[in-house]
Amino acid sequence: MKRSKPPSSRRAEIQLLYQNYAAGLPTLPACSLLKFLHKEQMELTANEETVESLIDRYEIEETAIESRSMTFEGFFRYMESKDCCLFSQAHTSVYQDMGQPLHSYFISSSHNTYLTGDQLVGKSHLDAYVCALRKGCRCLEIDCWDGPDMEPAVYHGYTLTTKILFKDVITTVAQHAFEVSVYPVILSLENHCCQEQQEVMAQYLISILGDKLLTTPLDHSTGDLPSPNDLKYKILIKNKKLKPQIKTEDAAGAEESADEGGDDYDDDDEEDEEDEDNQTKAKFWSPRKAGSKKKVVVAEALSDLVVYTRSVKFISFDHSKDNQNYCENTSMAEKKARKLAKASGPHFVRHNQRFLSRIYPAGSRTSSSNYNPQEFWNVGSQLVALNFQSLGLPMDLNDGRFQDNGGCGYVLKPVVLMSSERSFDPSCSQHRLKPTHLLLKVISGSNLPVPRSGKALDPFVRVEIHGIPSDSRRKNTHTVKSNSLSPHWDADMNFSISVPELCLIRFCVRDQTGLLSSEFVGQYTLPFTSLKKGYRWVPLQARDGCSLDPASLFVFVWYS
């Protein structure tokens, strides 16, 4: 509908919709409200009962309630409620099948969880574990080093980061592990300790975690990993494990076991985890020292606590196919993972249909910056680990992805990544018979936060699609001058999306500060599959993920 003059506020926008459906009547009859729900909001299952319940919830004027109709104020309350939020309210609780093997899920994962700043001089802090767990993180990293008085310590090796005690980290995890999610927590140990201190670690894990700690396999003989449902309220240890056939009773045997186990135990893989610290070391210490990496041999007491998440070295997809056990997982730095994703996408996808794989940021990211996690979700990697303390686009995407399924930290991978019939290569354009067409009309904003200067914003909205490379796009509205309170764009954006089930949609409000410069104001990210059709409001969040309420956008969504 063409208008000569845009409405002055969202309230005025909603008033036009209301008048359109009230068709001259003083209030909106129940039948007209139902028509609005069907036609505009695409709430196709809505019926008379739905309308009755909306009137009961949002209408307060007695005469309207008696005549089963809605005043404008009632309609406005409904339009501003969670019922009209862009994010599907059905997805605010767990709705997915939680009975699939662990490798069938994306799992919210943190890297160097103990850090609150960068990797060279940042603070190691117990609060970082609490924050990650409260964000729904289910895989935490603990870097363990020998500490004084036989107390293992947690910090980033070869750097000036502060130290915290291993036992305090485990106590904190025990207290907060299941505050926001009942599903399993994986503790990814990056283990640099001597045998004696590893034994101390094992004792702490057993005594502090008690029956939360999974120490023996479950009674399920599927030859596959158990499900999140099977592992509710359980904490799993991810570490190297001694090979069973070389465990012997006598002391000589124990030594032999330690020696042989050493081949198998060189903690988290290829130039990996422990070598992450080694990469840091190489950068800031003399070359001679950097090379002198001591081999860590796993202590039997700690090895015994590893059940379903045994770390092994990644050699190749073929090697994994022939030799890797379902209880074994690999870990690799982003650069190697990126190469493999580009060169052998379908093999990577197939590998992740059987095994857990963890990706972590390059050791060269000393400022704890992050990579874009989408590129590794595209190949089905489950444990795509990010520095949770580093704010910006990657963490926005992570928060958006894991807002789904009730924020429980486990999101079922889409069928396209799990199908054994059809191979999937995310780096190729997917010539599906019919791509999904998405229309987003960015109508207006309201109550946008004013910068410290107090000057009104010159806001525009950038809409980004993050998915497989051929689906990833971004479009901007025009800029509205000096209007933070109720900027009006009325901008149509059309996107063609071939694999919508992998996509995230990010709305980013920016302040135009110069011809080619702009500054972040607020953002909101959600999975395409959680999008509601029709007239919806978009809550905005600050850089740290906190709500900027009442700041929001008003949009119209349609896809087919």
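Here are four short exercises, with worked solutions, on a predicted model.

**Exercise 1. Helix 1**

Task: work out what span helix 1 should have, and find out where its buried residues sit around the axis.

Solution:
- Start with the length. Helix 1 covers residues 10–22, which makes 13 residues, and at 1.5 Å a residue the expected span is 18 Å.
- Now check that against the model: the end C-alpha atoms of helix 1 are 18 Å apart, so the two values agree.
- Next, list what's buried in helix 1: Arg-10, Glu-13, Ile-14, Leu-17, Tyr-18, Tyr-21 and Ala-22.
- These residues cover an arc of only 165° around the axis, which puts them on the same side of helix 1.
- The spacing fits a general rule: an α-helix has 3.6 residues a turn, so residues three or four places apart point the same way.
- Finally, look just past the end of helix 1, where Ala-23 takes a positive phi of about 45°.

**Exercise 2. Strand 5 and its neighbours**

Task: decide how many residues of strand 5 are buried, then work out in which sense strand 5 pairs with strand 8 and with strand 6.

Solution:
- Strand 5 runs over residues 139–145, and 7 of its 7 residues are buried.
- Split the strand by face. One side carries Cys-139, Glu-141, Asp-143 and Trp-145, the other Leu-140, Ile-142 and Cys-144, and both faces are covered.
- On to the pairing: strand 5 goes with strand 8 in the parallel sense, over 6 bridges. Here Cys-139 has Ile-186 of strand 8 as its bridge partner.
- With strand 6 (residues 153–154), strand 5 pairs in the antiparallel sense over 2 bridges. In that pair, Trp-145 is matched with Ala-153 of strand 6.

**Exercise 3. Salt bridges with partly exposed partners**

Task: find which parts of the chain are tied together by Glu-179 and Arg-134, and by Lys-441 and Asp-490.

Solution:
- For context, searching the whole structure turns up 20 salt bridges.
- Take Glu-179 and Arg-134: their closest N and O atoms are 2.8 Å apart, and they form a salt bridge.
- Glu-179 sits in the loop between helix 7 (166–176) and strand 8 (185–191), while Arg-134 belongs to helix 6 (residues 126–134), so the pair ties together parts 45 residues apart in sequence.
- Glu-179 has a relative accessible area of 41%, so it is partly exposed. Arg-134, at 48%, is partly exposed too.
- Now Lys-441 and Asp-490, whose side chains meet in a salt bridge at 3.7 Å, N to O.
- Lys-441 is in strand 15 (residues 436–446) and Asp-490 in strand 18 (residues 488–497), so this pair ties together parts 49 residues apart in sequence.
- Both partners are partly exposed: Lys-441 has 23% relative accessibility, and Asp-490 has 34%.

**Exercise 4. A salt bridge and a network**

Task: are Arg-506 and Glu-464 buried or exposed, and which residues are joined into one network by salt bridges that share partners?

Solution:
- The side chains of Arg-506 and Glu-464 meet in a salt bridge at 3.2 Å, N to O.
- Arg-506 lies in strand 19 (residues 504–512) and Glu-464 in strand 16 (residues 459–466), so the pair ties together parts 42 residues apart in sequence.
- The cut-off for buried is under 20% relative accessible area. Arg-506 comes in at 6%, so it is buried, and Glu-464, at 6%, is buried as well.
- For the network, the residues are Glu-334, Arg-338, Arg-365 and Glu-375, joined by salt bridges that share partners.

Notes:
Residues are numbered from 1 along each chain as its sequence is written. This is a predicted model: local features need pLDDT of at least 70, side-chain atom pairs count only at pLDDT 80 or more; totals for chains, interfaces and linings use all residues. Side-chain values use heavy atoms; hydrogens and water are left out. Helices (H or I, at least four residues) and strands (E, at least two) are DSSP runs, numbered from the N terminus. The expected span of a helix is 1.5 Å times one less than its number of residues. Buried means under 20% relative accessible area, exposed over 50%, partly exposed in between (1.4 Å probe, protein chains only). The arc is that of the directions from the helix axis to the C-beta atoms. A salt bridge is a side-chain nitrogen of Lys or Arg within 4 Å of a carboxyl oxygen of Asp or Glu. Two strands pair if DSSP finds at least two bridges between them.
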